[in-house]
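Thank you all for coming. Please take a moment to look at the sequence and the model, and then I will walk through a few places in it.

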Amino acid sequence: MTIGAEQAASAYIGAFVDELVRAGVRHVCVSPGSRSAPLALTIAANPALRSWIHLDERVGAFFALGLARATGAPVALLCTSGTAAANFLPAVVEAHSAGVPLLVFTADRPPELRDVGAAQTIDQNRLFGAHVKWFVEVALPEATPAMLRYARTLAGRAVAAAAASPPGPVHLNFPLREPLVPLPAATPQGMTPGDALAWRGRPDGAPWVTVTDAPRVPDAATTSRLAARLRRARRPLLICGPQFDPGLAAPLAALARACGAPVLADPLSQLRWGLHDRSMVIDRYDAALRHETTSARLAPDLIMRVGEMPTSKALQQFLQRHAVTPLVIVDSARWPDPTLLAAEMVHAEPRFLVERLLEAHAGDTDADPGWASAWRRVNDLTNTALRDYGAGLDEPFEGRALAEIAALVPAGGTLFVSSSMPVRDLDAFAPGDARPLRVLANRGANGIDGVLSTALGVAATTHASNGADSSAGPLVLVIGDLAFYHDMNGLLAGRLHALDATIVVLNNDGGGIFSFLPQAAYPEHFELLFGTPHGLTFAPAAELYGARYHRAETWDALRARVTAGVSGRGLHVVEMRTDRARNVTLHRDAWAAVAIALDAPEATRAR
Ligand SMILES: Cc1ncc(C[n+]2csc(CCOP(=O)(O)OP(=O)(O)O)c2C)c(N)n1
Ligand SMILES: [Mg+2]
């Protein structure tokens with residue numbers, strides 16, 4: 001039996017989508033268009049796939065990024081040809097930099113309609129350049145057994161490539177001919193068993209090809225060499241930067257204890273908050289290390305770092321100051337060392353290495369017992385100084401706002417922080433505790449774009465939004481006004497998909513971060529080029545998208561509104577106004593309060 005071209009396309013796309021499901025894909029963010037219709041219709045018809053419609057492709061891609069970050073599994077994106085595809089770029093860049101698995105599907109004209117002035121046609125070949133792990137110009141649909149095997153294998157390979165460590169985006173560009181609707185494809189009769197397999201897929205829902213990506217586990221020699229180094233160190237220091245493996249915290253905290261090493265925990269390390277042993281966790285280092293004598297005095301003789309480069313500039317300067325101290329960095333495959341100080345780069349999955357180091361550590365350590373207690377004393381004094389400083393303020397202060405909001409996220413919930421000051425203020429001002437929290441941010445490329453959309457993608461997986469599908473608690477996003485403005489289109493997803501999220505906008509009428517940077521010394525052009533005031537308030541934006549809106553002018557109001565948001569349904573926007581210039585003064589006063597505490601004799605007294 002011969003089948004028509006339209007039916008061939010249906011069989012081919014059907015096989016591809018069938019294999020996506022068999023490989024574990026569950027979510028597809030779809031934007032409207034006609035060239036992509038055969039894929040969109042096939043995806044929508046598959047009950048195992050959830051289609052999330054997004055009118056704005058840039059929003060859809062960031063939403064997919066959030067979904068993929070939250071679920072840990074590849075999430076697919078689909079759009080039509082032309083600039084629609086180009087709008088995926090910012091999120092693809094972030095996914096590539098941050099190691100988030102995305103399957104980017106773009107529909108395209110077939111070869112005969114390229115470079116001849118056909119509508120909505122651009123060169124989509126390698127559109128995302130070096131920002132994807134794999135690019136495939138997909139073959140035109142055909143329904144021969146060989147091409148169905150190709151479609152099935154392609155889907156399996158794409159999912160595996162996106163998920164393989166380090167995860168990232170892959171781009172498949174699909175040339176499609178008219179008619180752009182799938183027609184039911186009758187399965188040919190009298191096929192060989194092998195050909196029938198290509199048409200129907202393997203029995204029992206098994207994937208066409210199972211891909212094994214064995215984790216990078218360190219060998220015994222590496223483990224025992226590193227364990228011996230840690231054991232011999234007198235002043236070992238562990239540092240955990242941004243990382244999203246929830247299973248790393250417990251073994252890393254246990255290793256810190258076993259080898260007498262304080263562990264500096266970035267707010268995105270998943271180590272600052274949680275039920276694990278937090279006795280060695282240092283969470284006030286950003287403020288403490290701004291104090292020169294403390295930063296000079298607490299000199300380590302071995303540093304082991306896991307995760308991405310931490311956010312704190314004071315910590316970066318501390319690493320430069322102690323450049324002679326051997327620095328060992330552990331990462332599955334990347335080179336996360338902008339300091340260029342690494343003396344050893346260990347390419348192993350951090351959790352596996354840490355677990356093996358813990359096993360190899362017989363319990364003995366040469367660490368100076370005063371070393372960890374000196375760090376703890378500094379941490380405690382800094383903690384008290386910052387807490388007292390914040391408590392004494394009755395005016396809005398962004399540092400205190402981050403501490404207050406972080407304290408209100410219920411155990412099991414997610415705190416998402418925007419780039420710019422929110423992530424830095426969380427680092428400096430929010431102490432950890434025993435609540436298991438997930439703390440996320442787009443720190444791959446540090447963009448202030450797509451933050452609302454990414455956070456709402458995460459919110460789509462929380463318990464309230466998703467019923468019994470998920471155990472994750474509510475989501476709170478803290479975002480600056482420019483980042484909020486940049487991604488206002490993203491709010492529509494909250495309304496369309498009935499998501500629950502609490503969004504706190506710290507509105508300082510511009511880019512507050514720039515007042516801390518050297519360009520602040522150029523007042524004649526500062527406001528125009530960097531301060532960038534806009535004079536907006538976000539009540540109308542909240543109203544446009546059906547979000548509840550409140551302006552919080554006092555700490556009590558902020559607490560009440562965030563508490564109502566996390567226990568309620570729907571989108572809650574809470575706006576707190578701050579003043580950029582005053583904010584700089586308040587930060588400097590906070591560092592001064594810490595310096596007074598660390599200058600006191602008890603800061604250095606041996607216990
Ligand atoms: C897409 C993008 N554009 C520009 C920048 C540069 N940038 C970094 S921080 C910042 C200001 C952000 O302002 P806001 O979100 O209000 O946060 P605030 O600094 O006030 O805390 C800008 C423009 C960026 N990181 N990403
Ligand atoms: Mg701002």
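Let me begin with a word that I will need throughout: a residue is called buried when its relative accessible area is under 20%, counting protein chains only as cover. I should also say at the outset that what you see is a predicted model.

With that word in hand, take Phe397, which has a relative accessible area of 1% and is therefore buried. Which residue forms an edge-to-face aromatic pair with Phe397? The partner is Phe429, with the ring centres 5.3 Å from each other and 85° between the planes. Phe397 sits in the loop between helix H14 and helix H15, whereas Phe429 belongs to helix H16, so that the pair links distant parts of the chain, 32 residues apart. Phe429 has a relative accessible area of 6%, and so it is buried as well.

Phe429 also pairs with Trp591, and here the centres are 5.3 Å apart but the planes meet at 20°, which is why this pair counts as stacked. Because Phe429 lies in helix H16 and Trp591 in helix H24, this stacked pair ties together parts that are 162 residues apart in sequence. If we add Tyr389, ring pairs link Tyr389, Phe397, Phe429 and Trp591 into a cluster, and the structure as a whole holds 13 aromatic pairs.

Let me now turn to the ligands, starting with the metal. Which protein atoms act as donors of the magnesium ion, ligand 2? They are OD of Asp481, OD1 of Asn508 and the O atom of Gly510, at 2.0 to 2.1 Å from the ion. Asp481 is in helix H19, while Asn508 is in the loop between strand S16 and helix H21, 27 residues apart. Asp481, with a relative accessible area of 1%, is buried, and Asn508, at 7%, counts as buried too.

Both of these residues come back at ligand 1, where 17 residues surround the ligand and the closest include Asp481 and Asn508. An N or O atom in the side chain of Asn508 is 2.9 Å from an oxygen atom of ligand 1, and a polar backbone atom of Leu482 is also 2.9 Å from a ligand oxygen. For Ala483, a backbone N or O atom lies 3.0 Å from an oxygen atom of ligand 1. The protein covers 75% of the 590 Å² of accessible area that this ligand has on its own. Helix H19 gives the most to the shell, with three residues, and the shell divides into seven nonpolar, eight polar and two charged residues.

Conventions
Residues numbered from 1 in each chain as written. Chains lettered and ligands numbered in written order. Predicted model: local features only at pLDDT ≥ 70, side-chain atom pairs only at ≥ 80, totals over all residues. Heavy atoms only, no water. Near = heavy atom within 4 Å. Polar contact = N/O pair within 3.5 Å; in protein donor to acceptor, adjacent residues only side chain to side chain. Areas by Shrake-Rupley, 256 points an atom, 1.4 Å probe, with all protein chains shown as cover. Helix = DSSP H or I, 4+ residues; strand = E, 2+ residues; numbered from the N terminus. Nonpolar A, V, L, I, M, F, W, Y, C, P; charged D, E, K, R; others polar. Donors = N, O, S within 2.8 Å, 3.2 Å for Na, K, Ca; no water. Buried < 20%, exposed > 50% of the residue type's maximum accessible area, 1.4 Å probe, protein only. Phe/Tyr/Trp six-rings, centres within 6.5 Å; stacked < 30°, edge-to-face > 60°.
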